[in-house]
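Below are some notes on the model you asked me to look over, set out as numbered points. Please read them alongside the sequence and the coordinates.

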Amino acid sequence: MKEKIKKYKHIKPVSYTLFFLVVFTLFLFMTFPGDVIKKRIIAEIESNTPYKADIQNVRVSPLLKINMEGVKLSRANSVFLELENLDLSPSPLSVFSDNPKVPFTAKLWGGEISGSIRINKTTGRVSELDATLESVRINSVPSLFSEEAEKSLSLGGVIDGEVNLVMIPPASGDIQFEITGLKLENMKLKGITLPNLTDLTSMFKGTIEGDMTRIDQFRIAGADIDLDITGTTPLPWEIQNGGVIDIGYSLQMKGGPMAKYKGLLSPYLATQRDGSLGGKILGTVANPRFEQGSITRF
């Protein structure tokens, strides 16, 4: 086999050509100014999302990896999302693809998210996302959805999970995660402020189907409370734009300290056979409506 390769009359021109392309590509990425890339990335983010973007520094390594530090997305003069650093590893051949796949790793809220995104060059938007979350703190999660959510609920805990999404219509995919050390504070239900809860565990499994998110399982459990939620909501990336929600939940409140809160909520929720309280959240994201009911139909 080696002899055949040596006798191949075009081996030298091909080798020289490949060598030139490799050296040229490495030289291009090593000398390409980071400020130019930074301005282009910021422009793409701000033209395709409702957020303002800021990046402290951008570097391009000889291995064709783009490293960004201090990535911030903000709205209304408040930080929406902040990444300590973000590494993108596009293939040199991705420039020839209409939907390039770009592996990434990001440091976020004390943890790490790794995976890949696929970008539609026509729209400039992410069309697919595959990601694994490891030890990510969730303190800032409410701010991702709305300013009202941030005011009405404070979270704590660490999340691990996986996300696999096709984001162009018809959307599809699945989301699953587990939260340990979950804390729920500043909770309000029907105008009643509930006690702060700590040392909870949570499990979520959901699927993306067309224009909605189907919650197959969402459970929050602890010594004094057991909450099960199922139903449908808008797509995660569309929640800020509103949309219809249809959620059923079953709430079990245990122990003496919770008895008075169970009594306060009983007139608004249906008492089920096991003693838990059942209810529904209907309407829209902007104008939810709480009703008595059961979650058996979900």
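1. A salt bridge is taken here as a side-chain nitrogen of Lys or Arg within 4 Å of a carboxyl oxygen of Asp or Glu. By this rule the count comes to seven salt bridges, among them one in which the side chains of Arg214 and Glu209 meet at 3.5 Å, N to O.

2. On the basis of these notes: this is a predicted model, in which local features need pLDDT of at least 70 and side-chain atom pairs count only at pLDDT 80 or more, while totals for chains, interfaces and linings use all residues. Residues are numbered from 1 along each chain as its sequence is written, and side-chain values use heavy atoms, with hydrogens and water left out.

3. The chain has six helices and 17 strands (DSSP runs numbered from the N terminus, helices being H or I of at least four residues and strands E of at least two). Of its 298 residues, 35% are buried (under 20% relative accessible area, with exposed meaning over 50% and partly exposed in between; 1.4 Å probe, protein chains only). Among contacts (heavy atoms within 4.5 Å) with a separation of 6 or more, 40% are between residues 24 or more positions apart.

4. Returning to the charged pairs, Arg214 is partly exposed at 33% relative accessibility, and Glu209 is partly exposed with a relative accessible area of 35%. Another salt bridge joins Glu128 to Arg118, with the closest N and O atoms 3.7 Å apart; Glu128 lies in strand 6 (residues 125–137) and Arg118 in strand 5 (residues 111–120), so this pair ties together parts that are ten residues apart in sequence. In the salt bridge of Lys107 with Glu112, the closest N and O atoms are 2.9 Å apart.

5. The structure holds two aromatic pairs (rings of Phe, Tyr and Trp, the last by its six-membered ring, with centres within 6.5 Å; planes under 30 degrees apart count as stacked, over 60 as edge-to-face and the rest as tilted). The rings of Phe177 and Phe204 have centres 5.0 Å apart and planes at 5 degrees, so that pair is stacked. Phe177 lies in strand 8 (residues 171–185) and Phe204 in strand 11 (residues 197–210), so the pair ties together parts that are 27 residues apart in sequence.

6. For Phe204 and Phe218, the ring centres are 5.5 Å apart and the planes are at 75 degrees, so the pair is edge-to-face. Phe204 is buried, with a relative accessible area of 9%, whereas Phe218 is partly exposed at 21%. Phe177, Phe204 and Phe218 form one aromatic cluster.
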